[in-house]
Amino acid sequence: MKIPVSALLEATSAICLVPSRAGIMSSEFIKLRADKKSLKMSLAAEIYGTTVAKAIEPSPKPWTFYVDRASFEPFVQASHTLGQKAPFTFSITDDEKPQLIVSCGSRRAIFQEVQQITGYSDKMDF
């Protein structure tokens with residue numbers, strides 16, 4: 001799946017307005033959900049939020065992955081600071097313990113799979 005830098009920056013900046021609260025896992029991990037058209041990001045604390053970044057290249061199959069917001073947000077925001085134009089590429093390994101690989105130009109981040117986290121609302125999903 002490929003997402004334009006501007007779309008991912010905008011969606012990440014908006015979702016990270018949901019405050020992080022110690023002990024509330026759904027506020028510390030961003031729930032990423034990919035489908036053919038977009039990447040949805042959700043966080044939940046006192047409030048719940050979901051943002052969407054439209055894909056320019058679809059995901060071959062739908063997936064859900066939980067990423068630590070303290071690692072994901074700075075990685076995405078660095079593309080603005082560095083002035084990168086290459087789209088973000090998201091892929092999941094087919095290993096026994098899947099990993100999410102996110103790349104943008106020559107930068108790459110690998111996120112380890114964590115067990116499913118509860119506390120995200122499905123009522124606001126679109």
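In what order do the 4 strands of the open sheet that holds strand 1 run? The order is 1-6-7-8, and the pairing is antiparallel. Before I go on: this is a predicted model.

So much for the opening. Look at the edges of that sheet. They are strand 1, residues 2-3, and strand 8, residues 107-112. Each of these two pairs on one side only.

Now strand 8 and its partner. Strand 7 covers residues 99-104. It runs antiparallel to strand 8, and 6 bridges join the two. If you want a register marker, take V102: it stands opposite A109 in strand 8. As general background, side chains in a regular strand alternate between the two faces of the sheet.

Next, the second sheet. This one is also open, with 4 strands in the order 4-3-2-5. Its pairing is antiparallel. Strand 4, residues 48-54, is one edge, and strand 5, residues 63-68, is the other. Both edge strands pair on one side only. From one strand to the next, the twist averages 20 degrees.

Let me walk through the pairs here. Strand 2, residues 29-34, meets strand 5 over 6 bridges, in the antiparallel sense. There, A34 has W63 of strand 5 as its bridge partner. Helix 1, residues 5-15, packs on this sheet. The helix touches strand 3, residues 38-44, and strand 4. Its direction makes about 180 degrees with that of strand 4.

Strand 3 and strand 4 run antiparallel, joined by 7 bridges. They form a hairpin, with 3 residues between them. Within that pair, K40 stands opposite V52 in strand 4.

On to helix 3, residues 69-82. Which strands does helix 3 lie across, besides strand 8? Strand 6, residues 88-92, and strand 7. Helix 3 runs at about 170 degrees to strand 8. Then turn to the other sheet. Helix 3 also lies across strand 2, strand 3 and strand 5. To strand 5, the angle is about 95 degrees.

A quick word on rings. The count of aromatic pairs comes to 3. In general, a pair of aromatic rings is described by the distance of the centres and the angle of the planes. There is a charge over a ring as well: R107 lies over the face of F75, at 4.3 Å from the ring centre.

Last item, the pocket. How much space lies in the largest pocket? About 180 Å³. Its lining includes M1, then S59, P60, K61, P62 and W63. F90, S91, I92 and D94 line the pocket too. Strand 6 supplies the largest share of that lining, with 3 residues. W63, then, appears twice in this talk: in the pocket lining, and as the bridge partner of A34.

That is the tour. Over to you.

Methods. Residues numbered from 1 in each chain as written. Predicted model: local features only at pLDDT ≥ 70, side-chain atom pairs only at ≥ 80, totals over all residues. Heavy atoms only, no water. Phe/Tyr/Trp six-rings, centres within 6.5 Å; stacked < 30°, edge-to-face > 60°. Lys NZ or Arg CZ within 6 Å of the ring centre and 35° of its normal. Pairing = 2+ DSSP bridges. Contact = heavy atoms within 4.5 Å. Axes fitted to C-alpha atoms, helices over the stretch in contact; angles between N-to-C directions. 1 Å grid on protein atoms, 1.4 Å probe; cavity = no way out; pocket = protein on both sides within 12 Å on 5 of 7 lines; lining within 4 Å. Points joined across faces, edges and corners; volume = space filled by probe spheres on them.
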